[in-house]
Amino acid sequence: MTHVAGLASNRGRNLLHIDDRRPGGADLAVVLSNHADAPVLDAAEARGIPTEVVEVRDGESRRDHERRVVDALADYDVDLVCLDGYMRILSDVFLDAMPTTLNVHPSLLPSFPGADAHEQVLDADVAVTGCTVHVVTNAVAEDGSVREADIDAGPIVTQESVPVFADDDASDLKERVLHDAEFQAYPRAVRWFAEDAVDVADEGVTVDADESGDLPSRYAASADRSDVLRYGENPHQDAAVYRDDTCEEASVVHADQLNEGAKSLSYNNYNDADAALNLVKEFDDPAAAVIKHTNPAGAATADSLADAYADALSTDAKSAFGGVVALNRECDAATAELVTDSFKEVIVAPGYTDDALDAFFEADNLRVLDVGELDAVTETMTEKPLVGGRLVQERDLWAPTGEDLEVVTEREPTDEELETMLFAWRVLKHVKSNGILFADGTETVGLGVGQVSRVDAVELAAKKSERDADGKDADGAVMASDAFFPFPDGVEAAADAGIDAVVQPGGSVNDDDVIAAADEHDIAMVFTGHRTFRHD
Ligand SMILES: NCC(=O)N[C@@H]1O[C@H](COP(=O)([O-])[O-])[C@@H](O)[C@H]1O
């Protein structure tokens, strides 16, 4: 356990934050101030943290004062000293007697050392500032005079940046730097010391496990607001869309909205259009998807884009009402005519013929997005913000080829069924779990999305195939499941619906029973060995 002595002249909010976070298990052994009325003392006492006050006496030299500070701390078990707005330049007397002493300075050193850092930042008109946690080194000459060049000049442990906005004043900067930079950097530095991950030498500070890469030990993100949205998921929520201009992949965030007079995209439009575009990027053949609430109402590939759209729509035209359409080819007039036949909110495609645009511009409230060429997928990571942090993972870019499919039943799938399985899996990747998809040829027949029970998802897909699909049904179709069947009931329900073949990851302790159920119904089943959950 690392025990910290915190020294502050005023509020000591970083020290209190470190006490809240206990980085690496570190705790505050004592808080010391050079001012008897410093608010940090009351705050520390209220938390049961011992306090000490060592005010500077009239005429007292810097080194004599420090000797008394060292004495006041002598009875505490201290491994690390953290300064927080401790407005005293320290000399060798303090620093040689104490363990490593850290300071947090409100600028990106070596720029803007000393007092009034925020004013210096504003005077210099820089666009980024931040904080620096550094090791404190002696800035006092033998004769007691301060060596200005040595103030805030010790080895840097870590830094954190924040933007400077045009209308900022010094107090805006102080608050932003404190909350967004210091509250991140200071606990990090203390944690590194608590975990014995830091090596402090004259040449500088080295930190173990301070790694770069796809999952770096420090996560930094930057984005520019590209639009303030009318509202968020619901009208009482404010919202904006931020743009990552380093992204090279076709995206709805960077898309051109071609009918400029039309309403701009809403939060939900962006979310659904992103889901729709990601789905059609799966396919080389002409592909169409209709998305509602980020789930496909239907998807298909075909020899022509118009056929693909018609096949996607006929899966569940009722649910597709007011949906978002994505295409993976330049949209032609035949496809545009079909799309404008029923109300859709957004169409996303890598370009449009003039005739197609003429048709779309006449449609009420349809937003037309041109995402440009659908080149390679370059964004390999994806993330989900959580309250208090974020989850980061590799994007699910895996899809099976024929060789990945392991036949586990007595009946082998036909070539047509195998082709359907490969199609179905690529659509299923974009379905919320528990996800079940019925497909025939290269078109969806029915989907069971976002169910908390897998067998319910099967029953929903069966019901949708029977009730909502137009000109197709589950009879003789293929079922794809995004995770293994824990029990045979899902396969039983699929057999009742008329399913002839199943693709699923496999891997359940009950696989033998599930395979036996498939054999009993002469269903051909294959395992992919991979799962394709999508939970949000
Ligand atoms: N050179 C050290 C320095 O400038 N530290 C700054 O003082 C603040 C605490 O002061 P406060 O307790 O008065 O808010 C800290 O947040 C840090 O930015």
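Colleague: What makes the pair of Lys174 and the ligand a polar contact?

Modeller: In this predicted model, an N or O atom in the side chain of Lys174 is 3.4 Å from an oxygen atom of the ligand. A polar contact is a pair of N or O atoms within 3.5 Å, so the Lys174 pair counts as one.

Colleague: How do you know that Asn10 and Arg11 make polar contacts with the ligand?

Modeller: The cut-off is again 3.5 Å. For Asn10, a polar side-chain atom lies 2.7 Å from an oxygen atom of the ligand. For Arg11, a polar backbone atom is 2.9 Å from an oxygen atom of the ligand. Both values are within 3.5 Å, and therefore both pairs are polar contacts.

Colleague: How much of the ligand does the protein bury?

Modeller: The ligand taken alone exposes 450 Å², and the protein buries 86% of that.

Colleague: Which residues are the closest to the ligand, and how many surround it?

Modeller: The ligand is surrounded by 14 residues, and the closest are Asn10, Arg11, Asn14, Pro106 and Glu182. To belong to this shell, a residue needs a heavy atom within 4 Å of the ligand. At least two shell residues come from each of helix 1 (13–21), strand 5 (101–105) and helix 6 (170–194).

Colleague: Why is Pro106 counted as nonpolar and Glu182 as charged?

Modeller: Pro is on the nonpolar list and Glu is on the charged list, so the two residues are classed that way. Over the whole shell, the split is three nonpolar, six polar and five charged residues.

Colleague: What lines the second largest pocket?

Modeller: That pocket holds about 1500 Å³ of space. It is lined by 39 residues, and the closest to its centre are Glu160, Asp180, Gln184, Tyr219 and Ala220. Two or more lining residues come from each of helix 1, strand 7 (156–163), helix 6, strand 10 (224–229) and strand 19 (389–394). Helix 6 gives the largest share, eight residues. By class, the lining has 16 nonpolar, nine polar and 14 charged residues.

Colleague: Where are the peptide bonds that are cis?

Modeller: One of them runs from Leu109 to Pro110, with omega near 10°. Pro110 is in the loop between strand 5 and helix 5 (117–124). Another joins Ser433 and Asn434, with omega about -15°. Asn434 sits in the loop between helix 12 (415–428) and strand 21 (436–440).

Colleague: What is the phi of Arg22, and where does Arg22 lie?

Modeller: Phi of Arg22 is near 45°, a positive value in a residue other than glycine. Arg22 lies in the loop between helix 1 and strand 2 (27–33).

Colleague: How is the chain divided into domains?

Modeller: The division gives domain 1 (3–207), domain 2 (247–370) and domain 3 (401–527). Between the C-alpha centres of domain 1 and domain 2 there are 55 Å.

Terms used. Residues are numbered from 1 along each chain as its sequence is written. This is a predicted model: local features need pLDDT of at least 70, side-chain atom pairs count only at pLDDT 80 or more; totals for chains, interfaces and linings use all residues. Side-chain values use heavy atoms; hydrogens and water are left out. A polar contact is a pair of N or O atoms within 3.5 Å; within protein, one must be able to donate a hydrogen and the other to accept it, and residues adjacent in sequence count only if both atoms are side-chain atoms. Accessible areas come from the Shrake-Rupley method with a 1.4 Å probe; for residues, only the protein chains shown count as cover. Helices (H or I, at least four residues) and strands (E, at least two) are DSSP runs, numbered from the N terminus. Domain bounds come from an automatic or database domain assignment. On a 1 Å grid over the protein atoms alone, a cavity is a set of points where a 1.4 Å probe fits but cannot get out, and a pocket is an open set with protein on both sides within 12 Å along at least five of seven lines; lining residues have an atom within 4 Å of a point. Grid points are joined across faces, edges and corners, and a volume is the space filled by probe spheres set on the points.
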